[in-house]
Amino acid sequence: MKHIFTLSLSLLTAISLYAQPGGGKWGAPQSSITGKITGKIIDNNSGEPVEYATVVLMNAFQKQLDGTLTNNKGQFKMTELKLGKYMIKVSFVGYNEITSDTITLTKSNPDFDLDDIILENSAIALDAVTVSAEKSLFENKIDKIVYNAEKDITNKVGDATDVLRKTPLLSVDLDGNVELRGSRNIQILLNGRPSGLFANSVKDALKSIPSDQIKSVEVITSPSAKYDGEGSAGIINIVTKKKSIEGISGSVNTALSNRTNNTNVSLSAAKGRFGVSGGGYGWWTLPRDATTTFDRIDSSNDVLSTLTTNGVAESTSFGYSGNFGAFYDLNAYNTINSTIRFNGFQTSNDGFDYGILNDTSFHYYTKDYLSTNFRNGYDWSTDYIKKFENPGQELILAYQINVSNSNSDEQAVSNDSIGNWDDFQFNNKNENLGKNVEQTIQLDYTHPFSKKFKLETGAKTILRAIDSDYQYEQFNYNTNSFEVNNLNTDLFFYDQDVFAGYVSGNITFNEKYSLLAGVRYEHTLLNGEYASELNDFDDNYGNILPSVTIARTFGNFTNLKLSYSQRIQRPSLFYINPYASINDPTNVQIGNPNLSPELSKQIELGYSTFVKGSLISLTAYYKNTEDIIESYLQIGDNGNGETTYRNVGTNNSIGLSGFTSVTIKKVFTIRGGFNAYTYNINAVIDGQSFSNQAILWNGNLNASWKMGKGWNFQAFGFYNAPKYTFQGINPSFSLLSMGIQKDIFNDKGAIGLRVLEPFKADKEWKSELNGPGFTQNGNFILPFRSIGLSFSVRFGKVKFDARSRRTKIRNDDMKAGESGNGGGGGF
């Protein structure tokens, strides 16, 4: 694909040159004799010919006259040239441009054969190095891997979940848990900044972003000092389509199926130095029933007991999101951008369970439950950008406020019970109201002292105020009324303030070696208070976080890089929220306000190359994580389980990841990636020793076929191996989808058919946990096969301007929940 892109661009250049008055052959003396110039382009490192290099013919005054491309042997030929004086200029992506000495064609010597022209690799700036077999789809930069989703025809239908599953090094399970190289300790950004959209539920947030509105996904495994220190595994930045335009344009997209449906509308307009854009998106699912089975064998209290439950639950969900943005260029050096986004989503579950407990006697119960979770919020940001006459010199002042709200309501009623099991004669209500307000102010300055050295520095303040108001009510069968349980009712206030500063240097030593090095300091202030004044706490700590990356470039777009970084992972409210969902007395989940942050150190060695139209990228890495946070299940004296979170120990992991993209005969494209790594942990919790070791892996494969006449076929599949924790195994996850699409309305619209899991109607997830004296197994079955139709149309005519207008704020600093990898905490 890269060859195709380069070839197309070069042909357009050559054609435009040739289309000038005079047909491109002028400036030479009149003669009936014509001449020719030939030559061959060679890579200075490998000695291999350079295909599709652009060769421009100029007159003696360096005015462009004609152009051509080298063939697959690196050769070019320009014929039927009038006699006279010429010059040749050769260029290609990733190489230094070169211009020949004056070439004179005479009557006695009308033909000129140049010696081999040696192209040298350009001195590539660290923030712009691209090693890509298919530049329009993947870019492998020194600090990130970029998946250009807008160039992938398979992304015209679906949401952000589908896009992330196709992105190298990432995996997404059914619950929306996003992993980078097997770790959920990541930060998800939207257009380079944290978003309240992700604060509560990543699964719902990803569903609210239509796939056809995503421009690219950036995966940053070794963030520089410019990024926040949070996210021990790395950063994922989702970049939406949002360019400055001249004119009016818009789009309408809809997809209907027997599972999930969505509609998206967008509109943009700009004239001169002012522009606005906006859009809305809505999605909803049809009801479907999921079945669950659960069993636990416990002998921890010297009495063998077994608990078995079975249940069915109907689930529905819907969501919406919208955005509005505006920009104004005061002049060529000063710009103001402002954007607001809002969102909301709700999930509901209506279920029925029955359980059997055997210990010293027999117990049986049934239970009905209903739960509803609604979340909404908005993000607003404003940036002032000051540019200077020195190219690349820039000053940015940015302010951002994120507000997110959550409302969780649950009720569970036991219908009947047999045996002396008083815990299962209940009618309980739970409610949790949450609010997260996050304000950020940031100042960044970039100064290029020369083409070989650029300095970046800045400061940042993040102020987070999070409230969790939770109440638990129990029905009193004697008074026939609900009564508040004060032991599980409280109002929790949590403040987390982060003050940071950084300095980073980008140095190009020569055309082969480059360096990106910096250091960041972050100071954190924590405070937690309860309205009941129970277990209040406060803490503060500082962290110095260095990072360094050195890159070596070779011929044929080959790149080798070595990096080292230190990161911190602060627990979000998902992990520390003291709210306990206790409608099921046998399985209670509660947060742990006393968690410490994770600290990680990582070394990685990456290699990328471009071989005959195919991209190959491999990275080996070692990662040490201290105070790793994992869920911890323990069985109480009453035989009931309680799950919380603990700093369980240190994990040392080595891994290998890679991805490739191959295009065959310009119509078939196959892309794939994998990640394999070790899990090795030894933990001591409450005097009990735990250990677990495993080799984990995941992979994906995508194939597309341009069938001609606007028809396209695509198939996609991935597999995530079972996930290990220090206590056991969480389920694997796989997915297969196929689709066909037809372009209509002169490529301004499309209709499509998509099938999800064509060979299996239901999906099954099995889990296993072990602890002192107990084993626990679960199974979850969900109808999954989906068949749907899609339609999209674009309208308007615009002229794009590549000037970036996205906010520069990036809050990369929270470990969110297992369904909430996003920024700003979550409930």
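Is Glu438 buried or exposed? Glu438 counts as buried, because its relative accessibility is 1%. Keep in mind as you look around that this is a predicted model.

## The chain as a whole

Let us start with the big picture. The protein chain has four helices and 45 strands. Of its 827 residues, 53% count as buried. The chain exposes about 35,200 Å², and carbon and sulfur atoms supply 55% of that area. Contacts tell you how the chain folds back on itself: among those between residues at least 6 apart in sequence, 68% join residues at least 24 apart.

## Pairs of opposite charge

Now back to Glu438 and its partner. Side chains of opposite charge can pair when their charged atoms come close. Searching the whole structure turns up seven salt bridges. The table shows some of them.

| Positive residue | Negative residue | Closest N to O distance |
|---|---|---|
| Lys367 | Asp353 | 3.6 Å |
| Arg464 | Glu438 | 2.7 Å |
| Arg646 | Asp686 | 3.1 Å |

Take Arg464 and Glu438, whose closest N and O atoms are 2.7 Å apart. This pair links distant parts of the chain: Arg464 sits in strand β26 and Glu438 in strand β25 (residues 427–450), 26 residues apart. Arg464 has a relative accessibility of 2%, so Arg464 counts as buried. Its partner Glu438, at 1%, counts as buried as well.

Next come Lys367 and Asp353, joined by a salt bridge with 3.6 Å between the closest N and O atoms. Here strand β23 (residues 362–387) holds Lys367, while strand β22 (residues 334–358) holds Asp353, and the two residues are 14 apart in the chain. Lys367 is buried, with a relative accessible area of 5%. Asp353 also falls under the 20% cut-off for buried residues, because its relative accessibility is 12%.

What about Arg646 and Asp686, whose side chains meet in a salt bridge? Arg646 lies in strand β35 (residues 641–664), and Asp686 is found in the loop between β36 (668–685) and β37 (688–708), 40 residues apart. With 21% relative accessibility, Arg646 counts as partly exposed. Asp686 is exposed, because its relative accessible area is 53%.

Salt bridges can also join into a network. Which residues are linked in this way? They are Arg520, Glu522 and Arg570.

## A negative patch on the surface

Some charged residues group together on the surface. Asp467, Asp469, Asp495, Glu529, Glu533, Asp536, Asp538 and Asp539 form a negative surface patch. Two strands, β26 (453–476) and β30 (537–553), each supply at least two residues of this patch. You have already met β26, the strand that holds Arg464.

One member of the patch is worth a visit. Asp536 lies in the loop between β29 (513–530) and β30. Why does Asp536 count as partly exposed? Its relative accessibility is 41%, which lies between the 20% limit for buried and the 50% limit for exposed.

## A stop in the first strand

Finally, find Thr38 in strand β1 (residues 34–43). Thr38 counts as buried, because its relative accessibility is 16%. Leaving aside residues up to four places away in sequence, Thr38 touches Phe76, Lys77, Phe112, Asp113 and Leu114.

Technical notes:
Residues numbered from 1 in each chain as written. Predicted model: local features only at pLDDT ≥ 70, side-chain atom pairs only at ≥ 80, totals over all residues. Heavy atoms only, no water. Patch = residues over 30% accessible without salt bridge, like charges linked within 9 Å, V, L, I, M, F, W, Y side chains within 5 Å. Areas by Shrake-Rupley, 256 points an atom, 1.4 Å probe, with all protein chains shown as cover. Salt bridge = Lys/Arg side-chain N within 4 Å of Asp/Glu carboxyl O. Lys, Arg positive; Asp, Glu negative; His and termini not counted. Charge placed at Lys NZ, Arg CZ, Asp CG, Glu CD. Buried < 20%, exposed > 50% of the residue type's maximum accessible area, 1.4 Å probe, protein only. Contact = heavy atoms within 4.5 Å.
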